[in-house]
Amino acid sequence: MAEVETDITSTSPEFPHIWSKGNFVGGSVNVFEIIDPSEPREVKFVGKDISVASTQTEKKKNLAELRILEQIKHPRIVAFYGFKQNPNLLTIFYKYMKLGSVAKLIKERGSPLDEATVRLYTRQILEGLKYLHNNKPIIIHRDVKGENVLLESPDKVQLTNFGLSKILHTLTNARSKVGTSYWMAPEIITGTGSENYDVRADIWSLGCTVVEMATGNPPFGHLDEVEAANKIGSGEKMDYKLPDTSSKEMVKFLGKTFHKNFKDRPSAEELLKSDLFIAGKV
């Protein structure tokens, strides 16, 4: 194990401001075992090249948004521990989730998840989205998919990867075309600089993630990304087939998430009251 020096900025009251040393647990997976005054912790780190930022303003914006993320603490969001910056590299530190992602779980199983598990994970993802969307300032994730839903334990999941997230200073002021095509909402695909979208783009992506968990693939998953984006952007009916055993509550739930007009989609808070999550079902 190669020992490395770390100097991680953190203002979290629950975490020391500085960790002095870390050991590579596995160089290929970029994991530190951080040594702090309270207990050893395994931490995943992600490096971001900030030398490509065209202006100092953009670099400052990256750091400002990270400081907001540092304040986000919720059981359904992977813990963000801090960051380290040198002139060209921004290193972001998260809790390491050994069990991996929902997408990895499906791949390793070789089959989709049963509906009870899909319901459980969907509710927990919504709890995380509700927290983000009701936060002040509002945060839109913009990349909800199975790969970005990590398993804390077999019955607990958390949202991760806020690399494409945006802080909204008003309810509707997002314009950038970002995300992953199969999970991307139509208003993001077709939007122009004069049009806005809001946090309900995450609700569309959630619907795609539910289909992914229930069938093994997102809607239009049999197409390449460009074709899928064209289909979604043109307003074609979402192409997926749920298992024959799927409940009417699941069908109804997905119908709500896939309204083409984002203003017709329910909020995360409203979806948590769905029949899909009635007592005894989850």
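Visitor: Why is Phe 258 called buried in this model?

Guide: In this predicted model, Phe 258 has a relative accessibility of 13%, and since buried means under 20%, Phe 258 counts as buried.

Visitor: What makes Trp 204 and Phe 258 an aromatic pair, and why is the pair called edge-to-face?

Guide: The ring centres of Trp 204 and Phe 258 are 5.1 Å apart, which satisfies the requirement that centres lie within 6.5 Å, and the angle of 70° between their planes falls in the range over 60 degrees that counts as edge-to-face. Trp 204 lies in helix α5, whereas Phe 258 lies in the loop between α7 and α8, 54 residues apart, and the pair therefore links distant parts of the chain. Together with Tyr 240, Trp 204 and Phe 258 form one aromatic cluster.

Visitor: How do you know that Trp 204 is buried as well?

Guide: The relative accessibility of Trp 204 is 3%, and because the cut-off for buried is under 20%, Trp 204 counts as buried.

Visitor: How many aromatic pairs are there by this rule?

Guide: The count comes to four aromatic pairs. One of them joins Tyr 182 and Trp 183, whose ring centres are 5.9 Å apart and whose planes stand at 90°, so this pair is edge-to-face. Tyr 182 is buried at a relative accessible area of 13%, and Trp 183 counts as buried at 11%.

Visitor: What makes you say that the charged end of Lys 145 sits over the ring of Trp 183?

Guide: The charged end of Lys 145 is 5.6 Å from the centre of that ring, which meets the distance limit of within 6 Å, while the position must also be within 35 degrees of the ring normal; the charged end of Lys 145 is therefore counted as sitting over the ring of Trp 183.

How values were computed: Residues numbered from 1 in each chain as written. Predicted model: local features only at pLDDT ≥ 70, side-chain atom pairs only at ≥ 80, totals over all residues. Heavy atoms only, no water. Phe/Tyr/Trp six-rings, centres within 6.5 Å; stacked < 30°, edge-to-face > 60°. Buried < 20%, exposed > 50% of the residue type's maximum accessible area, 1.4 Å probe, protein only. Helix = DSSP H or I, 4+ residues; strand = E, 2+ residues; numbered from the N terminus.
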